[in-house]
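Here's a quick briefing to read alongside the coordinates. Keep the viewer open as you go through the bullets.

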Amino acid sequence: MTQTVDPVTDLREQLVAWRRHLHMHPEVGFHEHETAAYIEAELRKMPGLTVSRPTGTSVLAVLKGGKPGRTLLLRADIDALPMEEENTFEYVSQNPGAMHACGHDGHTAILLGVARLLSGDAANVPGEVRMIFQHAEEIGPGGAEELVMQTELMDGVDVVTGLHLNSQLPVGMVAVKPGAFMAAPDTIHITIKGKGGHGAHPEETVDPIAVGAQVVTNLQHVVSRHVAALDALVVSVTSFHSGTTHNVIPDTANMLGTVRTFDAELRERAPGMIERVIKGVCEAHGAGYEFRYEPGYRPVINTDWVAAQLREIALETVGPEHYRDAKPTMGGEDFSAYLQKAPGAYFNVGSGSDEADSRWPHHHPRFTLDEASLETGVRMLHAAALRLSLPE
């Protein structure tokens, strides 16, 4: 009796090898030169792919299927974060100051695996499948925006999808959500302008630290008292720098923060609400201020019908026991740029397990993956490629 060969299982060692090579050689956004060269070289080993560089550090592989169908875009991000790794396994980062602490090495390995499967079966693939290995997801304005606005990548694309490995989901779990999935991550810059002086004589100063502390506290009222309880808004001050020594009240205090929203109308209102609080506190204490609101990526709003298709694919591919409806997250993603041009959906694949010590949060110096998640990712994206590219 002939046993059926599982092509994804046969890819297991190669997926791990790709991922570990990428993990050892991380590069941050807009500097992924060796990463892109490695991806391009691997893709050129696969028959039937047209490989190109739409930008200096992104790579595109195009497969023309043998059956009629839609044009589908599959996306993986390839950049690392500017941080030091604290893991001790043998494939730890070899590039000081750079680390794959968000799973992009896994995303890239997964899409390389999908490319290999599709290239070996082009006659049975519907339509056209474009596979973009995207640079600079972690750095605004983001590689996706550059690809969408400055290249022909999205010309004729009918649908787009991609995945993110998630260490907070059990390995092998797939989670999909229609509608609002990831938030718009905006940045606020605040400078409090006081009047410095001797720490022993605060009455002769306008203390920017005391004023800034009140600004931080009062900004919490924007969420709790100016926004409906069912509307999602996050305002977090994440950096506060002022002063140089123990006995000098400084002239200024500088703060950074993040604002997260899903709703376009609430996002538009947020800068005015925040500045009103800053202005009121500063005027009450005789301080001045500068305020700058820097819009980040758009929110990821999944197209309902694409999310529904991905849910069906997940139920068929990993089974109901490994599927859950995803919850919205206030994290941001520049995948949203593609959704301005075509319907699509982004989804999660679990990568967390105690066995692999892979439950550390994303962007943590101990972050890693349970590499079994790579197979799940390949199964999902490969099935999505064959389903979503079917003609209407």
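What follows walks through the sheet, the helices on it, the cores, a second set of strands and the salt bridges.

This is a predicted model, so treat every value below as computed from it. An open sheet of eight strands gives a good starting point, and the largest nonpolar core counts 60 residues. A search of the whole structure also turns up 25 salt bridges.

**The eight-stranded sheet**

- Reading across the open sheet, the strand order is E1-E2-E4-E3-E5-E16-E6-E15, and the pairing is mixed.
- E1 and strand E15 (323-325) sit at the edges with a single partner strand each, so one side of each has no neighbour in the sheet.
- From one strand to the next, the twist averages 25 degrees.
- Strands E5 (residues 159-170) and E16 (residues 344-352) run parallel and are joined by eight bridges. Look for Asn166, whose bridge partner in E16 is Gly350.

**Helices lying on strands**

- H3 lies across E1, E2 and E4, at about 20 degrees to E2.
- Within helix H3 (residues 33-43), the buried residues are Thr35, Ala36, Tyr38, Ile39, Glu40, Glu42 and Leu43.
- What covers them? The cover over the buried residues of H3 includes helix H2 (12-24), strand E1 (49-52), strand E2 (59-64), H4 and strand E4 (126-134).
- Helix H8 (residues 304-317) lies across strand E3 (67-77), E5, strand E6 (174-176), E15 and E16, and runs at about 35 degrees to E16.

**The nonpolar cores**

- In the 60-residue core, the residues with the most contacts inside it are Leu43, Leu49, Leu74, Met131, Phe133, Leu310 and Phe347.
- Helix H4 (residues 104-119) supplies the largest share of this core, at eight residues.
- Beyond residues up to four places away in sequence, Phe133 touches Ile39, Leu43, Ser58, Val59, Ala76, Ile78, Thr108, Leu111 and Leu112.
- Another core, of 25 residues, lies apart from that one, and Ile192, Val227, Ala270 and Met273 are among its members.

**Strand E8 and its partners**

- Strand E8 (residues 184-193) is mostly covered, with eight of its ten residues buried.
- Its pairing with strand E12 (residues 252-261) is antiparallel and spans ten bridges. Ile192 is a handy marker here, standing opposite Ala253 in E12.
- E8 also runs antiparallel to strand E13 (residues 288-294), joined to it by seven bridges. On that side, Ile190 stands opposite Phe291 in E13.

**A buried threonine in a loop**

- Buried or exposed: which is Thr57? Thr57 has a relative accessible area of 5%, so it counts as buried, and it is found in the loop between E1 and E2.
- The side chain of Thr57 makes a polar contact with the side chain of Glu32, at 2.9 Å.
- Leaving out neighbours within four places in sequence, Thr57 is in contact with Phe30, His31, Glu32, His33, Ala36, Ile78 and His135.

**Salt bridges worth a click**

- Lys64 and Glu128 form a salt bridge, with the closest N and O atoms 2.5 Å apart. Lys64 is in strand E2 and Glu128 in strand E4, so the pair ties together parts 64 residues apart in sequence.
- The two ends of that bridge sit differently: Lys64 is exposed at 58% relative accessibility, whereas Glu128 is buried at 11%.
- Asp334 and Arg75 meet through their side chains in a salt bridge (2.7 Å, N to O). Asp334 lies in the loop between E15 and E16 and Arg75 in strand E3, so this pair ties together parts 259 residues apart in sequence. Both Asp334 and Arg75 are buried.
- Asp186 forms a salt bridge with Arg267, the closest N and O atoms being 2.7 Å apart. This one links strand E8, home of Asp186, with helix H7 (residues 264-284), home of Arg267, 81 residues apart.
- Asp186 is buried at 1% relative accessibility, and Arg267 is buried at 18%.
- Arg19, Arg20, Glu90, Asp105 and Glu371 are linked in a network of salt bridges.

Definitions and conventions
Residues numbered from 1 in each chain as written. Predicted model: local features only at pLDDT ≥ 70, side-chain atom pairs only at ≥ 80, totals over all residues. Heavy atoms only, no water. Core = buried A, V, L, I, M, F, W, Y, C linked by side-chain atoms within 4.5 Å. Buried < 20%, exposed > 50% of the residue type's maximum accessible area, 1.4 Å probe, protein only. Helix = DSSP H or I, 4+ residues; strand = E, 2+ residues; numbered from the N terminus. Contact = heavy atoms within 4.5 Å. Pairing = 2+ DSSP bridges. Polar contact = N/O pair within 3.5 Å; in protein donor to acceptor, adjacent residues only side chain to side chain. Axes fitted to C-alpha atoms, helices over the stretch in contact; angles between N-to-C directions. Salt bridge = Lys/Arg side-chain N within 4 Å of Asp/Glu carboxyl O.
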